[in-house]
Amino acid sequence: MPQAPPSQKAGIYIHIPFCRHKCPYCDFYSLPLKEASINLDEYVQALLKEWELRRPETEGLQFHSLYLGGGTPSLLSLRQIALIIDSLGPALTPKAEITLEANPETIDDIWLKGIRSLGVNRISLGIQSLSARGLEILRRHHGRRQALMAIEAARLAGFTNISVDIIFGWPGQRPQDLEAELHELLGLNPEHISCYELTIEEGTLFASWVKEGRIQPLGEESLTFFHLLVEEILTSGGFKRYEISNYALKGRECRHNLIYWENRPYLGLGAWAVSYLKGTRSQNPKLPLYLHYLASGHSPPRIEERLDLEATFRETTVLGLRLIKGISISELKGRFGIDPIHYYKTELEHLMAAGLIEIKRGRLRLTKQGRLLADEVGAYLV
């Protein structure tokens, strides 16, 4: 029989779906603030009301992380961030990780010192590129100098856990461009680096520009080389690759994202936010409906999907394989009462013969080649 999870470790995600400008590659739910026809105070009050209404659903959970993502959460004022942390803070465990995403053009020294004093102990800076050419192609609204100053200002504000996001594989990027960016980034001494391959998502401006011939995506051979280059440079610089796209100094792995990859419970607050509680995945509606219901004191209707034990097992396996250490076979057995080696017998035979997956020290994990094809492997197992 499956056992109860060893810990009801959980996280809270708050979605701030507003930006100053919509990036042409972004397919996350976000709106330019000027087009949203609401003020941020109204949205924050809706968030706090949703927390009040949904808190009973979280009984028995220990919240080890709070993550404010977006969109651009750094559009929030210190007063608005204080309201959120004052309301949700008591539900967090001692020394919980509190992360806030920020864009360089939306922050200054006073704001950074302010959020640090409010308890935000991890900042994730959306740098995306340290190349003037890369920033132009990605249509970012900060310059290279602003990006460098943002990292320095965060350090001076007292942050000892700084994460930086970069995007590689943008049209026209050369290996020497990426190599220069990575070496410069290492010299800035962040604790965590997320390196995402640019993907052309349907519905984005980049997708339409590709169809119109305005931009030309890099080929698979170049992207494969870039993946290997990222790993080589960052690991030689003292970073450990702990997930497909994420690198950290020892002990600085993102605790919140580990909750996702271990398929642990999380509560999502905000328009279009996703939750995973008690085996049910749910998603809030978009802005107009979300605000309408909460303004009247009611929880908004959510799209819900109930996952049975077997579906949860498969999903946990696929998510866990994103971690470089893979997933413990004994833990899967204990958690679900299902032996993954027996359950996936045919699939594993094929994947192991192809050199994409391996079993080492009681863990199922992707090989180096498998990590390059992680999405394909995941689709095969789910």
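# A guided tour of the predicted model

Select Tyr67 to begin: with a relative accessibility of 8%, this residue counts as buried because the cut-off for burial is under 20%. The structure on display is a predicted model. Tyr67 has its place in strand β4, which covers residues 62-70.

**Around Tyr67**

Next, show the residues that touch Tyr67. Leaving out residues up to four places away in sequence, they are Ile12, Tyr13, Ile14, Thr99, Glu101, Arg122, Ser124 and His256. Select Glu101 from this list and display its side chain together with that of Tyr67; a polar contact of 2.7 Å joins the two side chains. For a sense of scale, add Lys278: Tyr67 and Lys278 are 211 residues apart in sequence, and their C-alpha atoms are 20 Å apart in space.

**The largest nonpolar core**

Now select Ile14 and Tyr43. Of the 74 residues in the largest nonpolar core, these two touch the most other members. Helix α1, residues 40-54, supplies the largest share of this core, with seven residues. Which residues are in contact with Tyr43, leaving aside its neighbours within four places in sequence? They are His15, Ile16, Pro17, Phe18, Ile38, Gly270, Ala271, Leu287, Tyr290 and Leu291. Another core, of 19 residues, lies apart from the largest one; among its members are Val318, Leu321, Leu348 and Leu381.

**Helix α6 and Leu186**

Move to helix α6, residues 175-187, and pick out Leu186 within it. Leu186 has a relative accessibility of 17% and so counts as buried, the cut-off being under 20%. Not counting residues up to four places away in sequence, Leu186 touches Ile193, Ile233, Leu234, Gly237 and Phe239. Add Gln176 to the selection: it is ten residues from Leu186 in sequence, and the C-alpha atoms of the two are 15 Å apart.

**Two cysteines**

How many disulfides does the count give? The count comes to zero. Select Cys195, which is in no disulfide; its nearest cysteine sulfur, that of Cys254, is 14 Å away, whereas a disulfide requires two cysteine sulfur atoms within 2.5 Å. Cys254 is likewise in no disulfide, with the sulfur of Cys195 as its nearest cysteine sulfur. Are these residues buried or exposed? Cys195 is buried, with a relative accessible area of 4%, and Cys254 is buried, with a relative accessible area of 1%.

**Helix α12 and its surroundings**

Turn to helix α12, residues 329-336, and display its buried residues: Ile329, Leu332, Gly334, Arg335 and Phe336. In an α-helix there are 3.6 residues a turn, so residues three or four places apart point the same way. The buried residues of α12 pack against helices α11 (309-320) and α13 (340-343), and against strands β15, β16 and β17. Select Gly337, which follows α12, and note its positive phi, near 70 degrees.

**The three-stranded sheet**

Finish with the strands just named. They form an open sheet of three strands in the order β15-β17-β16, with antiparallel pairing. The edge strands are β15 (327-328) and β16 (357-360), each pairing on one side only. Select β16 with β17, residues 363-366: the two pair in the antiparallel sense over four bridges. To view one partnership, select Ile357 and Leu366; Leu366 is the bridge partner of Ile357 in β17.

Methods:
Residues numbered from 1 in each chain as written. Predicted model: local features only at pLDDT ≥ 70, side-chain atom pairs only at ≥ 80, totals over all residues. Heavy atoms only, no water. Pairing = 2+ DSSP bridges. Buried < 20%, exposed > 50% of the residue type's maximum accessible area, 1.4 Å probe, protein only. Contact = heavy atoms within 4.5 Å. Polar contact = N/O pair within 3.5 Å; in protein donor to acceptor, adjacent residues only side chain to side chain. Core = buried A, V, L, I, M, F, W, Y, C linked by side-chain atoms within 4.5 Å.
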